[in-house]
Amino acid sequence: MKTAPPPLPVARTQGAQIVLEDGRVLVDGVASWWTACHGYNHPHIRAAVARQLERAPHVMFGGLAHEPAYVLAERLAALLPGELDHVFFAESGSVAVEIAMKMALQYWINRGVAGRTRFLSFFGGYHGDTLATMTVCDPEEGMHGLFAGVLPSQVIAHLPKDDASEAELDRELSAHGRDIAAILVEPRVQGAGGMLFHHDDVLRRLRRLADRHDVLLIFDEIFTGFGRTGDLFACAGSGVTPDIITLSKALTGGTLPLSAAVASRRVFEAFWSDDTGAALMHGPTYMANPLACAAANASLDLFEDGDWLANVARVSAGLKAGLEPCRAADGVVDVRVLGAIGVVELERAADAGALCRRFAERGVWIRPFGKVVYLTPAFVMSDDELGQLTRAICDELGQDRGGRDEDGRHGH
């Protein structure tokens with residue numbers, strides 16, 4: 001955009017800090033879009049990638065395979081609940097969601113069921129910016145409305161948060177159920193759609209409805225997976241097992257691109273055949289990249305010692321205490337925290353670019369969007385660094401937000 005400020009040049013990263021070319025140090029409040037859960041440049045992950053780099057940085061995953069991918073698939077299957085034990089690797093979260101959607105569509109085709117070509121997703125949801133994922137995002141948010149009429153229409157509904165809304169969704173499924181391949185939802189937190197929290201009971205209602213109407217249930221845990229909400233996976237903590245789960249973001253500890261769509265045995269068996277037409281025809285060039293798999297295995301090592309649980313609890317407590325004063329600020333409508341996610345919701349959309357610049361002047365990297373100013377810090381962040389982040393937000397939002405500067409940085 002013509003009005004957008006130039007990006008800040010980064011020299012290096014370490015722990016929870018970003019060092020700029022001009023020598024300034026920013027405490028990163030969003031862990032590079034929630035990926036760097038263990039902090040930047042973690043020595044264990046870095047060493048694992050270096051060892052793999054000496055062996056094989058990449059090899060195609062078609063007709064060939066390698067140990068880092070086999071090990072990672074086995075470990076993910078062991079960590080995930082139920083029979084989520086068949087892993088399909090890709091490079092990005094959006095692609096993982098598209099693969100999950102493709103799996104769901106072909107599941108019905110392979111079973112000889114015609115007409116299951118649509119998905120049910122939810123207002124406030126976000127699942128990516130590729131063409132198929134745009135169709136299942138909130139239609140009223142962001143730029144995806146530009147493509148209305150070009151993309152296939154899906155069924156977008158409200159989350160079933162109580163008996164009345166569950167009954168409404170039940171009626172929706174009764175009307176459209178024979179057209180729907182799967183229900184797609186972000187468990188516990190609808191992330192980029194507004195950092196909207198919902199109770200685990202919503203997931204239990206969705207599992208009940210999916211079973212009643214014989215549709216698949218997909219959990220998009222690209223944001224919530226790997227400890228962000230306080231459980232290693234939101235599905236495991238909620239006691240609800242989907243038919244397919246998508247993972248990315250913190251899968252490699254923020255080191256390299258990698259994602260996965262993990263299917264249940266029930267879904268997998270619909271593809272297990274001597275008929276080549278029944279196979280899932282999808283092959284990302286860098287799927288199961290050995291360097292990325294090595295990073296992911298090293299990241300899982302760091303989760304095994306259990307220290308992350310105490311760190312997330314500590315960060316969560318710091319977010320609650322540090323952000324609570326924002327509740328009294330003019331224009332703030334809510335302050336909420338879940339695990340290592342802290343959110344201040346505003347009455348109106350903020351001037352994100354101006355706020356981001358002012359945060360950088362305070363020595364923190366925070367990227368507001370829409371009506372929310374949020375923190376998703378590294379779990380290893382120190383209490384002092386966390387305090388610096390929350391004070392910056394409280395100080396900025398506590399000031400007059402009504403148009404203080406000549407360039408309109410505070411205008412709405």
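Is Tyr374 buried or exposed? With a relative accessibility of 1%, Tyr374 counts as buried. This report describes a predicted model, and it begins with the aromatic residues around this tyrosine.

## Aromatic pairs

The structure contains 8 aromatic pairs. In one of them, the ring centres of Trp34 and Tyr374 are 6.3 Å apart and the planes meet at 65°, so the pair is edge-to-face. The angle decides the class here, because planes over 60 degrees apart count as edge-to-face. Trp34 belongs to helix H1 (residues 31-34) and Tyr374 to strand E16 (residues 372-375), so this contact ties together parts that lie 340 residues apart in sequence.

Ring pairs also join Trp34 and Tyr374 with Phe223 and Phe369 in a cluster. Like Tyr374, which has 1% relative accessibility and counts as buried, Trp34 counts as buried, with a value of 9%. Both assignments follow from the cut-off, because buried means under 20% relative accessible area.

## Charged groups over rings

Two arginines are placed against aromatic rings. The charged end of Arg116 sits over the ring of Trp108, at 4.2 Å from the ring centre. Arg336 lies over the face of Phe197, and here the distance to the ring centre is 5.6 Å.

## Backbone with positive phi

Trp34 appears again when the backbone is examined. Its phi is positive, at about 75°, although Trp34 is not a glycine. This residue is located in helix H1.

Ala288 is another residue other than glycine with a positive phi, in this case near 55°. Ala288 is found in the loop between H9 and helix H10 (290-304). Its relative accessibility is 0%, so Ala288 counts as buried.

## The second largest pocket

General background helps to introduce this part: rolling a probe the size of a water molecule over the atoms shows where empty space is left. In this model, the second largest pocket holds about 700 Å³ of space. Its lining consists of 29 residues, and those nearest the centre are His86, Val87, Phe88, Phe268 and Met287.

Which elements each supply at least two residues of this lining? They are helix H3 (67-79), strand E4 (84-90) and helix H9 (265-269). The largest share comes from E4, which provides 5 residues of the lining. Sorted by class, the lining of the second largest pocket comprises 19 nonpolar, 7 polar and 3 charged residues.

Conventions. Residues are numbered from 1 along each chain as its sequence is written. This is a predicted model: local features need pLDDT of at least 70, side-chain atom pairs count only at pLDDT 80 or more; totals for chains, interfaces and linings use all residues. Side-chain values use heavy atoms; hydrogens and water are left out. On a 1 Å grid over the protein atoms alone, a cavity is a set of points where a 1.4 Å probe fits but cannot get out, and a pocket is an open set with protein on both sides within 12 Å along at least five of seven lines; lining residues have an atom within 4 Å of a point. Grid points are joined across faces, edges and corners, and a volume is the space filled by probe spheres set on the points. Helices (H or I, at least four residues) and strands (E, at least two) are DSSP runs, numbered from the N terminus. Ala, Val, Leu, Ile, Met, Phe, Trp, Tyr, Cys and Pro count as nonpolar, Asp, Glu, Lys and Arg as charged, and the others, Gly among them, as polar. Rings of Phe, Tyr and Trp (its six-membered ring) pair if their centres lie within 6.5 Å; planes under 30 degrees apart count as stacked, over 60 as edge-to-face and the rest as tilted. Buried means under 20% relative accessible area, exposed over 50%, partly exposed in between (1.4 Å probe, protein chains only). A charge sits over a ring if NZ of Lys or CZ of Arg is within 6 Å of the ring centre and within 35 degrees of the ring normal.
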